[in-house]
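Hi everyone, thanks for having me. Please have the sequence and the 3D view open while I talk, and stop me whenever something is unclear.

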Amino acid sequence: MSNISWHLPPSVQPHASWVVDDLPWDELEPARIASDETMFFLLASASFVEITTDLYTQNLVEHYAGDSEVVNWLSDHWQPEELQHGVALKRYVQKVWPDFDWDRAYQGFFAEYAKLCNAEQLEVTRTQEMVARCMVETGTSSYYTMLRDFCTEPLLKRIAHYIRNDEIGHYKYFYRYFRQYAEREHVSRWAILQALWTRIREIDTEDGLIAYKHAFQVRHPDLPFDPGRYEQFRRTLNSITRAYFPFALAARMTLKPLNLPTSVERWSIPLVVSGARYFLKQ
Ligand SMILES: [Fe+2]
Ligand SMILES: [Fe+2]
């Protein structure tokens, strides 16, 4: 089910396990992917969101003011890594689809997306916000695992693998900090479940639509954009997700902060997986 170990990182350690400039860009095989519209929108959207990390890092840093370990890790490790994901994906998109004006599409995306990012989106307690962060990293690590396993272009496979490993590393740090805060703040399991549920409900929010719309308008300036196109994209993505998403691992990561008894966790995981699969059929 899972090939990741759950041991916690001992402390914050500098690590740049890969850098964008050192990727083997000459091994890129554009012919394997350039005609795939779904992949174009998937990668362009991911690059927009990743590269915008600094927009909400500041909110997060302020939420943990006074906790220098968390603040330093967010500023010195987490944010640069998320930005690097965006930079790598941006360069990949520009190399495979050189006619696409990435900067112009991103400008449109940023203007609309920035209005949605504010401190009010953070959870009330620090413990709950750590739970929300674990949930986000569960989503991103699963997403890049799926991308790695689904794509056939070798360089993208490698990039997706590197990013996926980073996202799992982020999960481990957020989980470690969650445990520390949960001990201090005595937040109930019910409150943790609420934070998880809030994030799960937000999975289908408008971020994806905004990213898709601005990528579409620049890629197809002669075509009118209508939400039906996005729906079609989502349906295609859902069918890839049904086949390649690491459901069991994602369910395990989602439930972990609840610290359920082993027997309860054992029957909860298939239940969560069935729920996610049902959701994708809608
Ligand atoms: Fe990322
Ligand atoms: Fe991450």
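I'll go from the overall fold to the core, then to one helix pair, and finish with a few single residues.

One thing to keep in mind from the start: this is a predicted model. So what is it built from? The protein has 11 helices and 0 strands. If you walk along the chain from the N terminus, you meet α after α, right through to the end. The radius of gyration is 19 Å, close to the 19 Å that the globule rule gives for 282 residues, so the protein is as compact as a globular protein of that length. If you draw a box along the principal axes, the C-alpha atoms fill roughly 55 × 40 × 35 Å.

How much of the protein counts as buried? Of its 282 residues, 34% do. Now take the contacts with a separation of 6 or more: 81% of them come from residues 24 or more positions apart.

Let's go inside. The largest nonpolar core has 64 residues, and Val131 and Phe178 touch the most other members. Which helices supply at least two residues each? They are α1 (37-51), α3 (68-96), α4 (102-113), α5 (126-150), α6 (154-185), α7 (189-201), α8 (207-219) and α10 (247-255). The biggest giver is α6, with 15 residues.

Try clicking on Phe178. Leaving out residues up to four places away in sequence, it touches Thr127, Met130, Val131, Cys134 and Pro257. You'll recognise Val131 there, which shares with Phe178 the role of touching the most other core members.

Next, please turn the view to α1 and α3. How do these two helices cross? Their axes come within 7 Å, at an angle of roughly 145 degrees, and the crossing is left-handed. From α1, the contact uses Leu43, Ala44, Ala46, Ser47, Glu50 and Ile51. From α3, it uses Glu82, Leu83, His85, Gly86, Val87, Leu89, Lys90, Tyr92 and Val93. Sorted by class, that makes 9 nonpolar, 3 polar and 3 charged residues.

Stay in this region for a moment, and look for Pro80, which sits in helix α3. Pro80 is partly exposed, with 15 other C-beta atoms within 10 Å. Its C-alpha is 9.7 Å from that of Ile51, although the two are 29 residues apart in sequence. Ile51 should sound familiar, as one of the α1 residues in the helix contact we just went through.

Then there is Asp54, in helix α2 (residues 53-63). Is Asp54 buried or partly exposed? It counts as partly exposed, because it has 13 C-beta neighbours inside 10 Å. Setting aside neighbours within four places in sequence, Asp54 is in contact with Gln79 and Leu83. Between Asp54 and Leu83 there are 7.8 Å in space, C-alpha to C-alpha, and 29 residues in sequence.

For a much longer jump along the chain, find Thr236 in helix α9 (residues 227-244). Thr236 and Thr38 are 198 residues apart in sequence and 7.5 Å apart in space, again C-alpha to C-alpha. Thr236 counts as partly exposed, because it has 14 C-beta neighbours inside 10 Å.

Last stop: the backbone angles. Most residues other than glycine have a negative phi. Which residues here have a positive one? His186 is one of them, with phi near 50 degrees. Asn259 is another, and its phi is also near 50 degrees.

Where do they sit? His186 is in the loop between α6 and α7, while Asn259 is in the loop between α10 and α11 (262-281). His186 is exposed, because it has 10 other C-beta atoms within 10 Å. Asn259 counts as exposed too, because it has 11 C-beta neighbours inside 10 Å. The cut-off for exposed is 12 or fewer. Asn259 also has a partner from elsewhere in the chain: its C-alpha is separated by 8.3 Å from that of Arg189, 70 residues away along the chain.

To wrap up, we have a predicted model with 11 helices and 0 strands, and a largest nonpolar core of 64 residues. Thanks for listening, and I'm happy to go back to any of these spots.

Conventions
Residues are numbered from 1 along each chain as its sequence is written. Chains are lettered from A and ligands numbered from 1 in the order in which they are written. This is a predicted model: local features need pLDDT of at least 70, side-chain atom pairs count only at pLDDT 80 or more; totals for chains, interfaces and linings use all residues. Helices (H or I, at least four residues) and strands (E, at least two) are DSSP runs, numbered from the N terminus. The radius of gyration is taken over C-alpha atoms; the globule rule is 2.2 Å times the number of residues to the power 0.38. A residue is buried if 20 or more other C-beta atoms lie within 10 Å of its own, exposed if 12 or fewer, and partly exposed in between; C-beta atoms are placed from the backbone. Two residues are in contact if their C-beta atoms, placed from the backbone, lie within 7 Å. A nonpolar core is a set of buried Ala, Val, Leu, Ile, Met, Phe, Trp, Tyr and Cys residues joined through C-beta atoms within 7 Å. Axes are lines fitted to C-alpha atoms, for helices over the stretch in contact, and angles run from 0 to 180 degrees between N-to-C directions. A crossing is left-handed if the near helix is turned anticlockwise from the far one by less than a right angle, and right-handed if clockwise. Ala, Val, Leu, Ile, Met, Phe, Trp, Tyr, Cys and Pro count as nonpolar, Asp, Glu, Lys and Arg as charged, and the others, Gly among them, as polar.
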